[in-house]
Amino acid sequence: MTTSSIKRRRSPHDARASHDGDGLQEENDNETGNNISNVLVTDAINGITNINNLGKRDSEEDSWASKGYSYINPFVHRIQIDSHIDVAKIYVLSVLLLPIRVVGCVLSLLSAWMLAYIGLYGVSLEQLQAKPLTGWRRHFQYLTARAMRMVYTAGSFHYINFKGTPATAKEAPIVVVAPHSSYVDSIFVVSGYPPSIVAKRETADIPLLGRIINYAQPIYVQREDPNSRQNTIRQIVDRARSTDDWQQVVIFAEGTCTNRTALIKFKPGAFYPGVPVQPVLLRYPNKYDTFTWTWDGPGVLRLLWLTMTQFYNRCEVEYLPVYTPSPAEVADANLYASNVRQVMAKALGVPTSDYSFEDVIVMSRAREMKIPFPGDIVEIEHTLDSLGLLDSKRDMELCDSFLSLSNTDTVDILTFAELLQVDLQNPELHKLFALLDHQRQGTVSLKSFLLCSLFCKLKNCDIITFLRALIKLYSPSSQQIERKSFVRLLRHAGGKLNEQKAQTLFYALDIQNLGHVSFDAFAKYTESQKSYKFLYHKSEHIRRPKNSAAKTIPVTTSN
């Protein structure tokens with residue numbers, strides 16, 4: 001079984017957390033959580049786990065998505081190694097080969113840094129941004145790229161198979177690369193004559209790598225600058241249309257890592273100049289996919305360990321013909337991006353998806369706010385939209401009566417349809433039920449549904465508004481919230497308010513030792529404290545337009 005397959009299993013710990021909705025357990029569950037943390041820390045330090053953990057940890061302990069409904073989620077990746085021989089090989093190579101590879105990578109990186117240091121001597125960052133390097137400095141750019149290629153060679157990527165013909169900078173000033181699935185994708189940048197890249201300004205300050213990246217004359221994104229997006233686009237346009245001998249600009253158009261099961265929406269930055277682009281495809285035809293780095297999947301240390309304990313890994317780079325935009329595409333960067341994506345998806349044999357980088361932000365926020373199934377929250381929102389529930393007040397009505405309802409943890413499909421006042425025959429209802437039925441037991445948690453529904457509605461609001469909407473899930477009255485209910489409610493305030501801080505806040509509010517506080521008192525107190533300003537900041541997520549479900553569009557192939 002290859003690692004590209006997506007397994008959706010949940011551990012008992014995850015199942016309980018999601019079934020309860022807010023994930024808050026009794027004291028014995030706190031002990032379980034500490035044990036899980038210890039396992040993860042030990043795994044990161046030792047790099048080697050037992051055979052069961054090797055196959056199970058990624059799919060169970062790290063799972064953030066439901067398994068009840070099967071669909072293409074480009075942000076989930078699992079590694080499943082079933083062969084005992086392959087597991088034994090990993091253990092043996094961890095001792096015999098891994099140390100040698102690490103030394104080889106470090107020496108190659110130091111060589112690249114030295115070449116970059118020499119090549120940048122006497123050149124300021126402003127000069128690097130103004131004009132392309134020439135003469136011996138340009139030659140040292142190439143040598144630096146060769147040294148960086150040796151980093152990947154030492155790390156197990158001995159082979160790169162090239163297909164197609166690369167275009168010159170004059171033929172295609174911009175190279176669009178997809179799919180973007182890993183830190184390993186940068187192997188394309190160092191596999192030939194080094195192009196420019198688009199990078200965060202902070203990368204210039206990374207020890208060793210910062211100087212090497214600077215030498216590639218990247219286009220830097222200044223995140224603290226409110227005009228960063230416009231400035232970055234202007235620099236791309238200037239270089240693409242310049243008569244100077246600039247190298248090509250490489251852009252990973254998806255803007256985030258995916259599992260290569262579909263091409264998500266391309267960001268339009270590469271297409272604003274309206275110049276011809278060359279699409280480039282990346283493939284990794286290996287037995288195990290030990291380098292795909294997605295939002296929900298193994299961490300970078302685990303991926304590096306598993307990658308460097310293979311005898312070798314292969315990479316395939318395919319240059320597609322240069323895509324020259326039509327007048328309509330020149331006038332509309334989004335149309336241009338969409339059409340190039342279709343061409344690349346067809347060549348890859350995968351569908352396109354309306355998922356985008358912004359969806360990763362939404363899922364990350366859902367996870368931070370302890371919303372059940374954060375990996376599925378975007379799909380849940382699409383389904384709620386299709387059912388017309390995003391504009392309905394039914395979830396708020398259910399919240400008001402939640403504590404008076406019985407059996408809210410085991411709601412079957414008939415009861416679910418009645419509660420939501422939706423036709424039982426509606427297929428979208430069954431899809432929503434399946435997304436929430438993570439244990440495939442034919443029942444769902446009403447609290448989990450309400451948390452997901454209210455998050456989808458209020459994710460653009462400030463946290464205090466969201467918490468106010470959840471009060472009736474935990475307390476009969478907003479004027480008398482007991483300590484336990486208060487702590488459970490504040491779990492949804494994000495990572496900055498843990499249980500200990502919530503307890504401290506409760507006692508700070510309950511100065512008369514009544515055993516309860518009011519939400520209004522909580523809001524008034526936190527509004528005047530700088531340390532709680534995050535509760536009043538509105539999210540910067542982009543609200544999805546109506547009926548924009550992340551549909552998977554099948555690829556049409558010619559006969």
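Let me start with Arg 137: this residue is buried (under 20% relative accessible area, 1.4 Å probe, protein chains only). Yet Arg 137 has no salt bridge (a side-chain nitrogen of Lys or Arg within 4 Å of a carboxyl oxygen of Asp or Glu). The nearest side chain of opposite charge, Glu 126, is 14 Å away.

A word on the source. This is a predicted model, where local features need pLDDT of at least 70, side-chain atom pairs count only at pLDDT 80 or more, and totals for chains, interfaces and linings use all residues. Residues are numbered from 1 along each chain as its sequence is written, and side-chain values use heavy atoms, with hydrogens and water left out.

What does Arg 137 touch, leaving aside neighbours within four places in sequence? Its contacts (heavy atoms within 4.5 Å) include Ile 118, Tyr 121 and Tyr 215.

Next, the core. The largest nonpolar core (buried Ala, Val, Leu, Ile, Met, Phe, Trp, Tyr and Cys residues joined through side-chain atoms within 4.5 Å) has 70 residues. Phe 522 is one of the five that touch the most other members. Apart from this core lies another, of 40 residues, Ile 81 and Val 190 among them.

Back to Phe 522. Its ring forms an aromatic pair (centres within 6.5 Å) with Phe 486. The pair is edge-to-face (planes over 60 degrees apart), at 5.5 Å centre to centre and 85 degrees between the planes. Phe 486 lies in helix H20 and Phe 522 in helix H22, so the pair ties together parts 36 residues apart in sequence. Both rings belong to one aromatic cluster with Phe 506, Tyr 507 and Phe 519.

Terms used:
Buried < 20%, exposed > 50% of the residue type's maximum accessible area, 1.4 Å probe, protein only. Lys, Arg positive; Asp, Glu negative; His and termini not counted. Phe/Tyr/Trp six-rings, centres within 6.5 Å; stacked < 30°, edge-to-face > 60°. Helix = DSSP H or I, 4+ residues; strand = E, 2+ residues; numbered from the N terminus.
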